[in-house]
Amino acid sequence: MSEAFYSHARLYDLMFPAAGPAVEFYRAAVNRRGGCVLELGCGTGHKLIPIASDGHPCVGLDFSADMLAEAQRKASEHGVAVEWVQGDMRAFDLDRTFDFVFITANSLLHLHEAEDLVSCFRSVRRHLAPGGRFMFDVFNPNVRLLAEADGVRRTRESLSFTDPDRGDVSVDVAEIYDAPAQVTRGNGTSRPTPSLTSSPHRWKSGASSRRSCRCSSRSAACGSSSGPVTGPVSHLARILRFNSASASPRN
Ligand SMILES: C[S@@+](CC[C@H](N)C(=O)[O-])C[C@H]1O[C@@H](n2cnc3c(N)ncnc32)[C@H](O)[C@@H]1O
């Protein structure tokens with residue numbers, strides 16, 4: 001799991017600003033269908049706040065209290081009502097059903113074990129109203145990117161951002177592919193861009209100007225909607241193949 005990665009919601013939003021196409025994709029899908037909406041792994045509400053502003057009753061579930069607090073803050077700022085619930089997408093019980101359930105931005109790839117995926121899908125099924133829809137997006141497998149996860153720390157330009165308090169920040173990432181587990185494990189370090197800052201900026205109260213976090217997923221990156229990689233034959237792919245060839249999972 002990746003709790004540390006999601007314990008600084010404000011930095012997450014700076015690193016992964018709300019992206020247009022994915023927001024519009026889910027917004028249009030919900031508008032076509034209408035009804036009550038549930039997002040699992042909702043984060044700071046990138047998708048759910050615009051969907052709620054279209055008038056749909058929305059619930060967002062996430063395990064990170066910090067992400068939910070930021071989501072609540074942004075929803076209030078926009079004058080939008082969303083019910084935010086702290087919970088685990090692997091097993092949840094909200095005691096009601098929804099017309100549309102979705103998991104976006106590769107969040108499903110944080111579930112590394114086949115049984116976690118099955119358990120999540122079972123929970124989703126219990127929460128779907130008759131005729132309800134479940135949508136999710138995940139990376140496509142890409143062997144080249146798996147091979148590039150060689151453990152060497154490199155600056156990831158696409159993740160660099162400007163923090164109003166700290167100036168320009170670079171993000172270094174070292175990733176390694178755990179082939180038997182089919183999981184890419186990342187170790188990220190963010191630091192002020194040296195040429196643009198005269199004194200070290202500290203993240204929280206640490207003794208260093210660097211801030212580190214670990215993230216692991218069935219992908220090579222977190223939060224991006226259009227990125228690389230899962231294991232060549234991931235558990236997810238196996239489950240999807242199984243389910244497309246047989247009945248949907250039983251409760
Ligand atoms: C990549 S972020 C995506 C956030 C949001 N969906 C978006 O589009 O910006 C993944 C989110 O999933 C959450 N998450 C990861 N594992 C989870 C789990 N087992 N149950 C609930 N939330 C989880 C994290 O806390 C994080 O907010």
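Buried residues account for 37% of the 251 residues in the chain. The model behind this figure is a predicted one. Its secondary structure adds up to 7 helices and 10 strands. Among contacts in the chain with a separation of 6 or more, 66% link residues that sit 24 or more positions apart.

Helix α4 is a good place to start. Spanning residues 65-77, α4 has 13 residues and reaches 18 Å from its first C-alpha to its last, close to the 18 Å expected at 1.5 Å a residue. Five names come up on its buried side: Met67, Leu68, Glu70, Ala71 and Ala75. These residues take up an arc of only 160° around the axis, so they end up on the same side of α4. What lies over them includes the helices α1 (9-15) and α3 (48-53), along with the strands β2 (58-62) and β3. Turn to the face pointing away from that buried side, and the exposed residues Ser76 and Glu77 appear. After α4 comes Gly79, with a positive phi near 65°.

Helix α5 makes a handy companion to α4. Covering residues 114-126, α5 has 13 residues and runs 19 Å from first C-alpha to last, close to the 18 Å expected at 1.5 Å a residue. Its buried residues are Leu117, Cys120, Phe121, Ser123 and Val124. Here too the arc around the axis is only 160°, which means that these residues share the same side of α5.

One of those buried residues, Ser123, leads on to a loop. Leu94 and Ser123 are 29 residues apart in sequence, yet their C-alpha atoms are 9.6 Å apart in space. Leu94 itself belongs to the loop between β3 (83-86) and β4 (98-103). With residues up to four places away in sequence left out, Leu94 touches Val59, Val85 and His127. Leu94 counts as partly exposed because it has 15 C-beta neighbours inside 10 Å, while a buried residue would need 20 or more.

Arg33 tells a comparable kind of story from a helix. This residue lies in α2 (residues 20-33). Arg33 has 15 other C-beta atoms within 10 Å, so it is partly exposed. Setting aside residues up to four places away in sequence, Arg33 touches Asp99, Phe100 and Arg133. Phe100 is 67 residues from Arg33 in sequence, but the C-alpha to C-alpha distance is 7.8 Å.

On the strand side, β8 and β9 pair up. Strand β8 (residues 167-178) runs antiparallel to β9, and 10 bridges join the two. One residue of β8, Asp172, has Thr189 in β9 as its bridge partner. The hairpin formed by β8 and β9 has 4 residues between the strands, and there Gln182 adopts a positive phi near 55°. Strand β9 (residues 183-192) has 7 of its 10 residues buried, so the rest of the structure largely encloses it.

That leaves the ligand. There are 20 residues around it, and the ones that come nearest are Tyr6, Gly41, Gly43, Ser64 and Ala105. Sorted by character, the shell splits into 7 nonpolar, 9 polar and 4 charged residues.

How values were computed:
Residues numbered from 1 in each chain as written. Predicted model: local features only at pLDDT ≥ 70, side-chain atom pairs only at ≥ 80, totals over all residues. Near = placed C-beta within 6 Å. Nonpolar A, V, L, I, M, F, W, Y, C, P; charged D, E, K, R; others polar. Buried ≥ 20, exposed ≤ 12 C-beta atoms within 10 Å, placed from the backbone. Contact = placed C-beta atoms within 7 Å. Pairing = 2+ DSSP bridges. Expected span 1.5 Å × (residues − 1). Arc of directions from axis to C-beta.
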